[in-house]
Amino acid sequence: NYMSNRVMHFEIQAEEPERAASFYRKIFGWEIEKWEGGVMEYWMIRTAPKDSKESGIDGGLLRRPKECKPPEKRQAVTGYVCTIVVENIDQTIKLLEAEGSICAVPKMALPGMAWQAYYLDTEKNIFGIHQPDINAK
């Protein structure tokens, strides 16, 4: 039973899907499995265990078409950006930087709501990280 007009799936394009899968497994603990039998090369992403009661969505990973170039450094965002809720934004930032992830927008307070930052994955895709915190200022 789907709710109309709700985002229910996301996709990440990658020059090297296995490299991207390794990055997202290591940083966020996502389960990523290659989907066999599809009409195209595709990996299914589960952001929480199948029986989890956590809210959120799952997605997919696919090879970026050769005619499409990855975003350039400091290029403005021209599409949707997914933001991932994390328990500890500072620990997540340390993990990201240890993996060589580039900061797009440094950690900032969303006053009375959360801490937010934006980073690039191994494929130069921008994503957000978000730690809820009513004391953020």
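Here is a short back-and-forth on how the labels for this predicted model were reached.

User: Before we start, what makes a residue or an atom pair count here?

Analyst: Since this is a predicted model, local features need pLDDT of at least 70 and side-chain atom pairs count only at pLDDT 80 or more, while totals for chains, interfaces and linings use all residues. Residues are numbered from 1 along each chain as its sequence is written, and side-chain values use heavy atoms, with hydrogens and water left out.

User: What makes up the fold, and in what order?

Analyst: There are 2 helices and 8 strands, where helices (H or I, at least four residues) and strands (E, at least two) are DSSP runs numbered from the N terminus. From the N terminus on, they go β-α-β-β-β-β-α-β-β-β.

User: Why is the protein called as compact as a globular protein of that length?

Analyst: The radius of gyration, taken over C-alpha atoms, is held against the globule rule, 2.2 Å times the number of residues to the power 0.38. For 137 residues the rule gives 14 Å, and the protein comes out at 16 Å, which is close, so the label fits. As for outer dimensions, the C-alpha trace spans about 50 × 40 × 30 Å along its principal axes.

User: Why is glutamate 123 called buried?

Analyst: Buried means under 20% relative accessible area, exposed means over 50%, and partly exposed is in between (1.4 Å probe, protein chains only). Glutamate 123 has 1% relative accessibility, so it counts as buried. Across the protein, 33% of the 137 residues count as buried.

User: Where does glutamate 123 lie, and which residues is it in contact with, leaving aside neighbours within four places?

Analyst: Glutamate 123 lies in the loop between strand E7 (114-120) and strand E8 (126-132). With those neighbours left out, its contacts (heavy atoms within 4.5 Å) are Gln13, Ala14, Glu15, Glu16, Arg19, Ala20, Arg64, Pro70 and Pro71.

User: How do you know that glutamate 123 and arginine 19 meet in a salt bridge?

Analyst: A salt bridge needs a side-chain nitrogen of Lys or Arg within 4 Å of a carboxyl oxygen of Asp or Glu. For glutamate 123 and arginine 19 the N to O distance is 2.8 Å, so the pair qualifies. This pair links distant parts of the chain, with glutamate 123 in the E7 to E8 loop and arginine 19 in helix H1, 104 residues apart.

User: What makes Glu16, Arg19 and Glu123 one network?

Analyst: Shared partners do. Glutamate 16 also forms a salt bridge with arginine 19, with the closest N and O atoms 3.4 Å apart. Glutamate 16, at 43% relative accessibility, counts as partly exposed, and so does arginine 19 at 34%. Glutamate 123, on the other hand, is buried.

User: How many salt bridges does the structure hold, and how does the one between glutamate 41 and lysine 34 qualify?

Analyst: The structure holds 8 salt bridges. In the one between glutamate 41 and lysine 34, the closest N and O atoms are 3.6 Å apart, so the pair passes the cut-off. Glutamate 41 is partly exposed at 32%, and lysine 34 is partly exposed at 38%.

User: How do you know that cysteine 68 is in no disulfide?

Analyst: A disulfide is a covalent bond between the sulfur atoms of two cysteines. Here the test is a pair of cysteine sulfur atoms within 2.5 Å, and by that rule the count comes to 0 disulfides. For cysteine 68, the nearest cysteine sulfur is that of cysteine 82, 18 Å away. Cysteine 103 is in no disulfide either, with the sulfur of cysteine 82 as its nearest, 18 Å away. Cysteine 68 counts as partly exposed at 36%, and cysteine 103 is partly exposed at 22%.

User: Why is serine 22 called partly exposed?

Analyst: Serine 22 has a relative accessible area of 40%, which falls in between the two cut-offs, so the label is partly exposed. Serine 22 lies in helix H1 (residues 17-28).

User: What makes strand E1 a partner of strand E4?

Analyst: Two strands pair if DSSP finds at least two bridges between them. E1 and E4 (residues 58-63) are joined by 6 bridges and run parallel, so they pair. One of the bridge partnerships is isoleucine 12 with leucine 61 in E4. Strand E1 (residues 9-14) has Phe10, Ile12 and Ala14 on its covered face, and His9, Glu11 and Gln13 on the uncovered one.
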